[in-house]
Structures are given as C-alpha cells and as structure tokens.
Amino acid sequence: MTQPKAFVWAFTFVSLFAVSSGCKESSREEASDGLEPPVVYDSMTADSNDAPASVSGTSDDSESDLPALETPPEKLTIGDKNPGLAIAKWVRGEPVEEPLRDRVHVVEFWATWCGPCRAGMPHISALQSELAEDVTFIGVTREDEATVENFLVSNATGDKTWDDIIGYRLAIDDRDWTNMAYMKAAGQGGIPCAFVVGRDGVVEWIGHPGSIDEPLKKIVDGTWDREAAIAEYKQQEKLQQLTGEVGALLREQDFDGALERLNQFEKAEGSSKTLLNYRVRVLEIAGRTDEAATAREALVESAWEDAMLLNQIAWTTATNGDPSDLELALKAAKRASELQQNEDGPILDTLARCYYELGQLDEAIKYQRMAVEHANGQRQIEATLKGYLDEKAAAETTDADDKPEEVTAEETKAEETEAEETKAEETEAEETEAEETEAEETEAEETKAEETKAEETKAEETEAEEAEPDVAE
C-alpha cells in the first residue's frame with residue numbers, strides 16, 4: 001500500500017513543478033466538482049477534440065502551395081535575438097512589421113479552449129492600454145480563423161463579447177512556425193506563455209503573463225537586469241532536471257536522499273523561490289509537518305510580490321489535507337488577490353477555497369461570487385459557487401430538521417407569548433390614544449363654550465354702553 005502512495009506523491013511533485021516553471025498554468029475548468037487539483041494545458045499537444053488547433057494559411061490553399069518558411073531555431077533563451085514572426089492571418093489589430101525592435105514587443109501564446117488564457121485576457125488588455133506608447137502585445141494561436149472568429153463574437157461576461165474585452169493584437173500562427181520558434185525552442189510546453197522582446201530585439205523575459213507586470217515595466221523604463229534574468233532562467237532549466245531526479249528518489253521513499261539532493265543543488269546554484277517551493281513539497285510528502293510549515297512560511301515571505309506563486313502556495317496548502325497551515329494559505333491567497341486588484345477569477349477562487357477549508361462558508365461564497373464575476377466564462381468556477389450554495393442550503397435544512405421537538409415547542413410558545421404581549425401593547429397604545437383624543441375633544445368643546453360665553457358677555461356690555469346716553473337725557 002505504501003509504494004503506490006509514494007508513487008502518487010512523486011507524480012504529483014513532478015506535475016506540480018512542471019506547472020510552477022513559469023509557463024504551465026493550472027486550471028480547474030474540467031474538474032468534476034470544482035475542488036480538483038490543477039491540470040496542465042500543453043500548446044504543443046493541443047490537437048485533440050477538446051483542443052482544436054488546426055492551422056492553415058487560407059481555406060483554399062494547401063500547405064504545398066504556400067511559400068516555404070525558414071527553419072525555426074532549435075534553441076531560444078533569454079539574451080538571444082528574437083526569431084521574428086510567421087503569421088498566417090492577423091485576426092485583430094494592425095499587422096506588426098518585422099523586425100521586432102525599437103519598441104518592446106510581447107509575444108503571447110494562447111488558445112480559445114484554454115481557461116487560464118481566457119482568464120488572463122483582461123489583464124493583458126489593461127497592460128496594453130497602460131503601456132500603449134512603449135509596448136505591443138501580440139497574442140498568437142495555432143487554431144484556425146473560423147475558431148478564433150467564433151470565439152471573439154461569443155459571450156465573455158455579462159453583455160460583453162471577447163472582442164469587447166480583448167484590447168491587443170491577435171494572430172494565427174503560420175504552420176506552427178512561431179510556436180516552434182518560441183515555445184518549442186525555449187522548452188515551454190504549456191500555455192499561456194509570454195516572451196518579452198526588448199527594444200534591441202533581444203528576448204528579455206519568458207514566463208506566465210500573470211507574472212509579467214514587474215519585469216515588463218522594468219524593461220520599458222530601462223532598469224531591467226538582463227544578466228540576472230539570464231542567470232535565473234538558466235537555473236530554472238537546471239531545476240527541470242532536478243525535478244526528475246528528486247521525483248525518482250520520492251518514488252523510492254528516499255526522503256533523506258531527496259532533501260540532500262536539494263541541499264546539493266542549493267549549494268552549487270544558490271537559493272531561489274522555486275527551490276524553496278521544491279523543499280516544501282518534499283517535506284510535505286515526507287510527512288515532516290513542522291519543517292514543512294517553517295519552509296512554507298519562508299516561501300510565502302520570499303514570494304510576497306509574486307501573485308502566481310502565492311496563489312499556487314495557497315491552493316496546494318489548502319487542498320493537501322493538512323489543516324495546520326490554513327491561516328498561512330489564506331494569508332497568501334489574500335496577498336495574491338490584492339496584487340491582482342481582486343480582479344483575477346482563479347485567484348479569487350483559491351481565496352474562497354481557503355475560507356471554505358477554514359469552515360467559513362459565508363466568506364467562501366462571498367469570494368466565490370467575486371471569482372465568478374471575473375472568471376470570464378470558466379464553467380468550473382461557476383460550478384464551485386453552486387456547490388457552496390447547495391452546501392449552505394443543505395446545512396440550513398439539516399439544522400432545522402435536527403431541532404428537538406421540545407425545543408421547537410418552546411420556541412413556538414415563546415413566539416406566541418411574544419405575539420400576545422405585542423398585541424396587548426398595541427391594544428393599550430390604542431386605548432391610550434383614544435383617551436387622549438377624547439380628552440382633547442372635551443377640552444376643545446369647553447374652550448369653545450368659554451369663547452362663546454365670552455362673546456355673549458361682550459355683546460351684552462356693548463349693548464349696555466350704547467343704551468347709557470339715552471338714560472342720561
């Protein structure tokens with residue numbers, strides 16, 4: 001029984017850090033109950049019924065009739081000259097003339113079927129609007145024109161279509177050349193993934209568009225440290241190999257060996273957020289709860305400005321079955337959402353899950369509603385909200401059914417007594433009001449009588465005064 005469990009943990013470890021490498025994004029859209037762990041979308045294996053990605057230059061020409069393309073580069077990394085573009089069709093926005101230089105360009109790979117790609121489109125649009133004078137965003141897909149056009153006119157949220165939301169250029173790849181030249185050459189299999197090309201035409205950054213804000217703005221204002229970025233990216237490539245080695249040790253349940261391999265790597269290559277993330281997961285798998293908690297807290301601190309990593313930490317911590325660090329998960333999720341101005345649907349979904357695991361269902365529903373508002377049509381986020389609402393309704397029904405009969409009778413009697421007292425108070429108030437009204441009417445009548453009598457007396461006196469001169473004569 002222990003060996004299969006260790007194998008599952010090892011597989012989870014490898015899968016998780018394929019996701020955390022920067023370009024592979026997690027999505028829960030296809031999960032069955034809204035509470036499933038992430039899955040990875042792969043742009044280079046997207047030709048399936050669920051992920052249509054056929055590409056053609058025009059609907060009437062075969063590929064053999066199209067002009068030949070240059071062979072794409074086999075390797076691409078930060079610091080290399082950008083490979084350019086091969087575009088079959090510009091679907092949205094004006095074409096971008098090559099070479100890619102003199103202003104900053106962002107080449108982002110996406111697909112209509114990719115939930116995380118859709119979720120990130122408002123963010124990219126906002127950046128394009130903010131940095132319009134310096135940056136050009138280009139979204140590249142391997143799908144055909146009809147698929148993309150149908151997507152653009154489809155409903156995104158409320159009464160808005162995707163064409164209303166997307167504020168940057170969209171293009172269709174020409175026979176997968178651009179995907180091969182960027183994604184495959186850089187070893188990046190998952191989408192969404194963005195490549196930032198600086199003004200001098202050199203690739204400056206590669207990663208998930210959700211983490212692009214800080215590096216992009218530094219590249220624009222000229223404060224970007226390219227050499228440091230190159231060193232960090234090289235370490236990321238080495239970490240990919242480390243993942244396989246540590247995963248093999250975990251399958252053998254050699255936890256000490258796995259931790260020692262991490263120590264060796266850190267000594268040789270230096271520490272990083274990703275390496276610390278690895279350590280947390282190994283300690284979790286090894287069941288070393290206290291050590292894992294200490295490392296996890298350090299990881300949250302080091303990732304304080306990284307919304308995507310904070311979100312990953314929060315999600316894995318909230319769903320790993322160990323309730324000891326739920327408050328830390330909540331802290332990480334709150335910070336991640338704050339960094340995204342509380343407008344990122346998947347991160348709000350994570351925040352809601354943290355509240356759910358803490359037993360705060362009302363708060364979970366509150367933030368899940370916000371997640372739905374910013375989910376841009378991700379069905380599973382909507383399904384999760386329904387699950388929370390159903391659970392609350394069931395709990396309220398159960399609470400009502402579980403009340404003892406004597407308690408219910410006492411509550412009913414108390415309600416009847418309260419109603420009688422209220423009725424008595426109302427009756428008393430009505431009687432008091434009637435008495436006051438009667439007294440006011442009586443007083444008014446007496447006042448009226450006195451006024452009448454006074455008028456009669458005055459009239460008599462006036463008559464007497466008028467009669468006095470006659471008497472004198």
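Modeller: In this predicted model, buried means under 20% relative accessible area.

Colleague: Which residues of helix 11 are buried?

Modeller: Helix 11 covers residues 307–319. Of its 13 residues, 12 are buried, so the helix is largely enclosed by the rest of the structure. The buried residues are A307, M308, L309, L310, N311, Q312, I313, A314, W315, T316, T317 and A318.

Colleague: How far apart are the end C-alpha atoms of helix 11?

Modeller: The expected span follows from 1.5 Å a residue. For the 13 residues of helix 11 this gives 18 Å, and the separation in the model agrees: the end C-alpha atoms are apart by 18 Å.

Colleague: Which residue has a side-chain oxygen that reaches the backbone nitrogen of M308?

Modeller: The contact lies at the start of helix 11. The oxygen comes to within 3.3 Å of that nitrogen, and the residue that supplies it is D306.

Colleague: What is the phi of G321, the residue that follows helix 11?

Modeller: The phi of G321 is positive. Its value is near 85 degrees.

Colleague: Are helix 9 and helix 10 roughly parallel or roughly antiparallel?

Modeller: Helix 9 (residues 273–285) packs against helix 10 (residues 289–302) at an angle of about 155 degrees, with the axes 9 Å apart. Angles over 145 degrees count as roughly antiparallel, and therefore the relation of helix 9 to helix 10 is roughly antiparallel.

Colleague: Is C354 buried or exposed?

Modeller: The relative accessible area of C354 is 0%. Since the cut-off for burial is under 20%, C354 is buried.

Colleague: How many disulfides does the structure hold?

Modeller: A disulfide requires a pair of cysteine sulfur atoms within 2.5 Å. The number of disulfides in the structure is zero.

Conventions. Residues are numbered from 1 along each chain as its sequence is written. This is a predicted model: local features need pLDDT of at least 70, side-chain atom pairs count only at pLDDT 80 or more; totals for chains, interfaces and linings use all residues. Side-chain values use heavy atoms; hydrogens and water are left out. Helices (H or I, at least four residues) and strands (E, at least two) are DSSP runs, numbered from the N terminus. The expected span of a helix is 1.5 Å times one less than its number of residues. Buried means under 20% relative accessible area, exposed over 50%, partly exposed in between (1.4 Å probe, protein chains only). A polar contact is a pair of N or O atoms within 3.5 Å; within protein, one must be able to donate a hydrogen and the other to accept it, and residues adjacent in sequence count only if both atoms are side-chain atoms. Axes are lines fitted to C-alpha atoms, for helices over the stretch in contact, and angles run from 0 to 180 degrees between N-to-C directions. Angles under 35 degrees count as roughly parallel, over 145 as roughly antiparallel, 65 to 115 as roughly perpendicular and the rest as oblique.
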